[in-house]
Amino acid sequence: MRTWALLLPLLMATAQAQVCSVDKTVFEVKENTNSSEPLLDIYVPEGQQVTLGPSSTRFAFRIQGTQLFLNVTPDYEVTQLRVFVSVLDVNDNAPQFPYVARVWKVPEDTKVNTTIIPETELEAQDLDKDDILFYTLQEVTLGASDFFSLMGTNRPALRLDQPLDFEKCRNMTFQLLVRDTQEENVEPSHTATATLVLEVQPADLRPPWFLPCTYSDAYVCIQAQYQGTVPTGHKLPGALVLQPGPIYAVDGDWAISQPIVYSFMKGHEDGTFSIDASTGNLTMSKSVPSPKTFLLVVKGEQADHGRYSVTQVTVEARDANGSLPRFPESLYRGTVARGSGVGVAVKDAAAPSQPLRIRAQDPEFPDLNSAITYQITNNSNFRMDGEAVLTNALLVHTGVFYAEVEAKNTVTSGTATTVVEIQVSEQEPAPTGTSGAGGGSTTNKPSGDQRFSAVEMAALGGVLGALLLLALIALMVLVHKLYGHRLKCCSGKALEPQPQGFDNQAFVSEEANWAPAPSPSPRPGRPPTPEPVTPGPTSPSPATLHHVPESPAVARDGEDPAAVRSILTKERRPEGGYKAVWFGEDIGAEADVVVLNEPASEADGAGDSGSEGSGDAGSDAGPGRGTEDPPGADSIYF
């Protein structure tokens, strides 16, 4: 018998590469041996599979699980067998980006469809060699996906889709997602992400803009043209006043903001005007002898000579004779304290903390405003100092002063006037005392240094006195309403009866019969109204004073007098007096009930005092009060 060896070089190499191993790579088998046992065990890492390689004698070997079996009975003289074991790759590794976050700078003037970032700088790596990676670009900055996109699903190169604008969007952030499967919900599937930040760099795209722009957007400015007027025969010392403003240009690329250099391109040949290269101020080099119009073309160029733009300045020379200045207000108001000396500024009445300013302007030649002088023509107490009003004398009296201010243009000799109303008021008070250095006493100042003037104190006293008088009058009215009847009772005079009232005077006398009064006989007409009894010089008796022949309740028009009956009560009121009430037979729930109390005169009180304690029921029930009753206790009428 002979033995032969099986060599497994490929198995060994593959096993080492894939971390797969066998316990031996060379083994011997006797010929003519039919063995059911495995030849060897193969160690395969989790997630991997092992199969026979293409160079193996496939019919002679098989792999079951991780074991190698022999399928034939070997013959040394005839048979030569070879076996190669290969390990299959499975998806067990996630892709990885070589960066977590990365920043790229993109020039603003980059052309559309340009590849901003190549594929080699963005792609991820996967250890599974057979995996195909799929990329997705997700925007983090809102609207960023409108500017950038990927070249393809499997090509992570970044491409520009539309022009960039530094002013609108300076930074854009994306998240780049990679997956090793095309579908999201398959198993196994692995993903990885990385952050991309794109910073837009400003580029010199726009020329200088002369301000103000009549229309502008991010790229275009329809710039201003300037106009001015100068007087003939005069050389103005300062920069010309132009409309709509001074010559001024800025770099259209705000982020770059190159300085602007100004110069003439046309219209300055005679040398009448000059322009400041750094400020753009236009000045006169000489006067213009006669009316003329100048068309000046001004150039504004970036300091780096990258870009420039031009504008037109129209200057008209006019005859200045007869041009008059104008005041914007016809009346100015100021205020100053009494006692102010010479040279004190008059304050603006509308803004007392600010000095009063009076300013005139020449509407035709604004450049001549600086040539206007001012003076007060009719009041020696004040004078002008430029545009300010100052005191010219000691102000000893309070009051309102008026002054006429004249404005004169020294170039055109034109004049204009306005009026100033100056209120001279009391001087503001000074502190009432000063503390000594030792921190002790405070010395009062003279009485003339008061917080309020005598006129103000008098006005305050008058107001307070009027308020006090009103308060007293209101108090007297209130007392009269609440306690007037008591005051009348205490004065010793009997109250006169009210004939038109509802007092039941027929039953207040001591001699009154307390039986129910008979119903009045029917009469065809209205019963005559009893005339009131006028008291004589002497106090009448209660019977004479209060006797009434019939009930005060009379029939109304169209009613039956028999329908009215009187009801009397002898109920004694605790505080004295009686109450008598009449009801109609057909009185309803809405009828009023009136309780009448009879006041007692001094004579009644005197007469009743003699009958008290006699035990007579009639006298005990009389309307008079005893001397112990408080005066006026029952003198209330409804």
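This text walks through a predicted model, from its overall make-up to single residues.

Start with the whole chain. The protein has 638 residues, and buried residues make up 32% of them. Its secondary structure consists of six helices and 36 strands. The accessible surface comes to about 37900 Å². Carbon and sulfur atoms hold 53% of that surface. Now take the contacts with a separation of 6 or more. Residues 24 or more positions apart account for 62% of these contacts.

One stretch carries a record annotation. UniProt, in an unreviewed entry, places a "transmembrane region" at residues 457-479. Such annotations may be inferred rather than shown by experiment. In the model, residues 457-479 are 100% helix and 0% strand. The C-alpha atoms at the two ends of this stretch are 33 Å apart.

Next come the nonpolar cores. In soluble globular proteins, nonpolar side chains tend to be buried together. The largest nonpolar core here has 28 residues. Phe97, Phe148 and Met172 touch the most other members. Several strands give two or more residues to this core. They are S9 (101-107), S10 (115-117), S12 (148-150), S13 (158-160), S14 (171-179) and S15 (191-201). S15 supplies the largest share, with five residues.

Phe97 repays a closer look. Setting aside residues up to four places away in sequence, Phe97 touches Leu122, Glu123, Ala124 and Tyr135, among others. Its contacts also include Leu176 and Val178. Ala192, Thr193 and Ala194 are further partners of Phe97. A second, separate core holds 26 residues, including Leu236, Ile247, Tyr262 and Val313.

Val313 leads to a strand pairing. Tyr226 stands opposite Val313, which lies in S25. S25 spans residues 308-318 and runs parallel to S19. Six bridges join the two strands. S19 itself covers residues 226-231 and is mostly covered. Five of its six residues are buried.

How many disulfides does a search of the whole structure find? The search finds one. Cys213 and Cys221 form this disulfide, with their sulfur atoms 1.9 Å apart. A disulfide is a covalent bond between the sulfur atoms of two cysteines. The torsion about the S-S bond of Cys213 and Cys221 is about -105 degrees, so the disulfide is left-handed. Are the two cysteines buried or exposed? Cys213 has 23% relative accessibility, so it counts as partly exposed. Cys221 is buried, because its relative accessible area is 12%; the cut-off for buried is under 20%. Another cysteine, Cys169, has 18% relative accessibility and so counts as buried.

The backbone has some special points. Two of them are cis peptide bonds to proline. One joins Glu187 and Pro188, with omega about -5 degrees. Pro188 sits in the loop between S14 and S15, and both of these strands contribute to the largest core. The other cis bond runs from Gln243 to Pro244, with omega near 5 degrees. Pro244 lies in the loop between S19 and S20 (249-251).

Positive phi values come next. Asn113 is not a glycine, yet its phi is about 75 degrees. Asn113 lies in the loop between S9 and S10. Asn113 is exposed, because its relative accessible area is 56% and exposed means over 50%. Ser413 is also a residue other than glycine with a positive phi, near 65 degrees. Its place is in the loop between S31 (399-409) and S32 (415-425). Ser413 has a relative accessible area of 49%, so it is partly exposed.

Finally, turn to Val50. Val50 lies in strand S5, residues 49-52. Is Val50 buried or exposed? Val50 is buried, because its relative accessible area is 10%. Asp89 is 39 residues from Val50 along the chain. The C-alpha atoms of Val50 and Asp89 are separated by 9.5 Å.

Notes:
Residues are numbered from 1 along each chain as its sequence is written. This is a predicted model: local features need pLDDT of at least 70, side-chain atom pairs count only at pLDDT 80 or more; totals for chains, interfaces and linings use all residues. Side-chain values use heavy atoms; hydrogens and water are left out. Helices (H or I, at least four residues) and strands (E, at least two) are DSSP runs, numbered from the N terminus. A nonpolar core is a set of buried Ala, Val, Leu, Ile, Met, Phe, Trp, Tyr and Cys residues joined through side-chain atoms within 4.5 Å. Buried means under 20% relative accessible area, exposed over 50%, partly exposed in between (1.4 Å probe, protein chains only). Contact means heavy atoms within 4.5 Å. Two strands pair if DSSP finds at least two bridges between them. A disulfide is a pair of cysteine sulfur atoms within 2.5 Å. Accessible areas come from the Shrake-Rupley method with a 1.4 Å probe; for residues, only the protein chains shown count as cover.
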